[in-house]
Amino acid sequence: MESYREPMSPRCRRVVIVGGGMAGTRLAQQLAAHAVGVGAVGVGAGSVEVTIIGEEPHPAYNRVLLAEVLAGRYAPEIIALPAPAAGVRRLSGVQVVRIDRATAEVVCDDGRRVPYDALVLATGSNPVLPPLRGLFEPDGQDLPDGVHAFRTMDDCLALGAAVRPGARAVVIGGGLLGVSAARALAQRGAQVVLAQQSEHLMERQLDPGASGVLRRHMAALGVEVHTECRVRGLRTRATDAGRFVKAVELADGYALEADLVVLACGVRPRVGLARAAGVEVARGIVIDDELRTSDPRVFAIGDCAEHAGVVYGLAGAAQEQADVLAGLLSPTPPLPEPMGLRPLDPHGDSAPDPALGNRFVGNRSAEGAPPSGSWGRNGWAQTGHRAAPGNETPPRDTDAAPRYHGTRTLTRLTLTSASGPLDLAAFGNPTPAPGDDVIHLADATRNTYRKVVVRGDRLLGGILLGDLGTVGALARTWESDEPLPATPLLHLLTNDGGS
Ligand SMILES: Cc1cc2nc3c(=O)[nH]c(=O)nc-3n(C[C@H](O)[C@H](O)[C@H](O)COP(=O)(O)OP(=O)(O)OC[C@H]3O[C@@H](n4cnc5c(N)ncnc54)[C@H](O)[C@@H]3O)c2cc1C
């Protein structure tokens, strides 16, 4: 059994990151960027030695752009994230199977034990596999051939290899993921049916009107959308070569013939490691404003983390959490624009065409998030610093240390098609309460839909579809949560504020 121990300065802090996805990679990059001020990562007094352990065998990639790979628009290497700086140790294709908190080591599936001073869990999410009849073989764990989740590069490559022009594909789930997958499969020439259980598409982001515009666009792409459509099970056929899907059974008894089925039924935070180690878990791994779990040496960021009761499941929140934690774990402040790093906007980092694909921006405090340091639980300090048992807690040298107060998310998606792209941006809560102001412009001819909801002098939420001319000004106002200017509210949808 290999134990990873290397000679180190006594003041060198060993940061081990579990999960080489978007949050873990961003943290490693940012720690490296901070460490530029003190030499290479892992060298020199006061520096950090970073090890990132990821079970996926691929170089880190921008998950948000997987649909573009599936659509055949980008090769997988195009969506690669910038490689971690020299000095960051990356273990790929290695799964962490246990956290040994007593010895402060993680145990890997190859038997290796990696010691840490600070451990960061960035384990992401698992796709939700719905309880469908026929999904799993009686005693097995394997999905039938032709049935795919859509979370990883391997999922994407397997789906890409299976799809053929004319293939009958059923996508189960009409959220952002299902809509993206359906569009990509249609672009590959498949005959796609999108089965959505609720009343409209992308219900987390859109209201019924905007969803109607999206539905018309999907229809123009050749995607048949069924809403209020509950899937009950899968029909399969067994052959010598395996068990293959042949149809999707609906609750009303109707069956949709299928060569391919994509499960896009949501995600669940990956919390198994934390839970088994006795770290507090609610829906996600519970963290405070310092991204710290109930164990002061263990942190969590990204999709697996739950902050102030919120599991974001979004790239922008993962990025923001990684950036705050890098500030907390680093001995020095970052250099400005270090090593060409920019935010994890997929098109900023790796994609060649800034006009395409899913994009995400978001920052600043979420509505309802408690003020810094006020969220005390389980004996945690109320001032922002946790009361650590003993002196093992990775220390923070300054009282001006960064804090995470939640993320204000703005979701963007571009659905490309032969007839032109449909741009979409949504933020906050687009459902008005009595007394809220609603500004709404819809143009059926141009297939545009714009709506913002205002409460008092603040933006509560909004949706832009087809015309994103005002998105820059709206995004700035939303992210900063500043009072709206004293201009007529209509200007929010007609005046781009110079953006
Ligand atoms: C197709 C698709 C489209 C999306 N579109 C958008 C979008 O438009 N906007 C948006 O904001 N978000 C979007 N998301 C969500 C976004 O990708 C996630 O929020 C983001 O990836 C979260 O980053 P993360 O690092 O927390 O998790 P991940 O990126 O999932 O990374 C977690 C990593 O940890 C690894 N891991 C887990 N457990 C272990 C272990 N025990 N040992 C070793 N490694 C482990 C996993 O294999 C994985 O590589 C999309 C997601 C998908 C799949």
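This tour moves through two sheets and two loop residues of a predicted model.

**First stop: the sheet that ends in S19**

Begin by selecting strands S3, S2, S1, S7 and S19. Displayed in that order, they form an open sheet of five strands with parallel pairing. Next, colour strand S3, residues 89-92, and strand S19, residues 298-300. These two strands stand at the edges; each has a single partner strand, so one side of each is left without a neighbour in the sheet. Viewed across the strands, the sheet has a twist that averages 20° from one strand to the next.

Then restrict the selection to S7, residues 118-121, together with S19. The two strands pair in the parallel sense over three bridges. To find a point of reference in this pairing, select Leu-119, which stands opposite Val-298 in S19.

**Second stop: the loop before S19**

Remain with S19 and step back along the chain to Leu-291. This residue is placed in the loop between strand S18 (285-287) and strand S19 (298-300). A check of its backbone gives a positive phi of about 65°, although Leu-291 is not a glycine. Is Leu-291 buried or exposed? It counts as buried, because 26 C-beta neighbours lie inside 10 Å, where 20 or more are required.

**Third stop: the sheet that ends in S12**

Now select S9, S16, S10, S11 and S12. In that order, they make up an open sheet of five strands, again with parallel pairing. The edge strands are S9, residues 147-149, and S12, each of which pairs on one side only. For this sheet, the twist from one strand to the next averages 20°.

Add helix H3, residues 153-162, to the display. H3 packs on the sheet and touches both S9 and strand S16 (260-263). The direction of the helix makes about 145° with that of S9.

Move to the other edge strand, S12, residues 224-226. Three bridges join S12 to S11, residues 191-195, and the two strands run parallel. Selecting Leu-194 leads to its bridge partner in S12, Val-225.

**Last stop: the loop after S12**

Continue along the chain from S12 to Glu-228, which lies in the loop between S12 and strand S13 (231-239). The phi of Glu-228 is near 45°, a positive value in a residue other than glycine. What is the burial class of Glu-228? Glu-228 counts as exposed because it has 12 C-beta neighbours inside 10 Å, and the exposed class covers 12 or fewer.

Notes
Residues numbered from 1 in each chain as written. Predicted model: local features only at pLDDT ≥ 70, side-chain atom pairs only at ≥ 80, totals over all residues. Helix = DSSP H or I, 4+ residues; strand = E, 2+ residues; numbered from the N terminus. Pairing = 2+ DSSP bridges. Axes fitted to C-alpha atoms, helices over the stretch in contact; angles between N-to-C directions. Contact = placed C-beta atoms within 7 Å.
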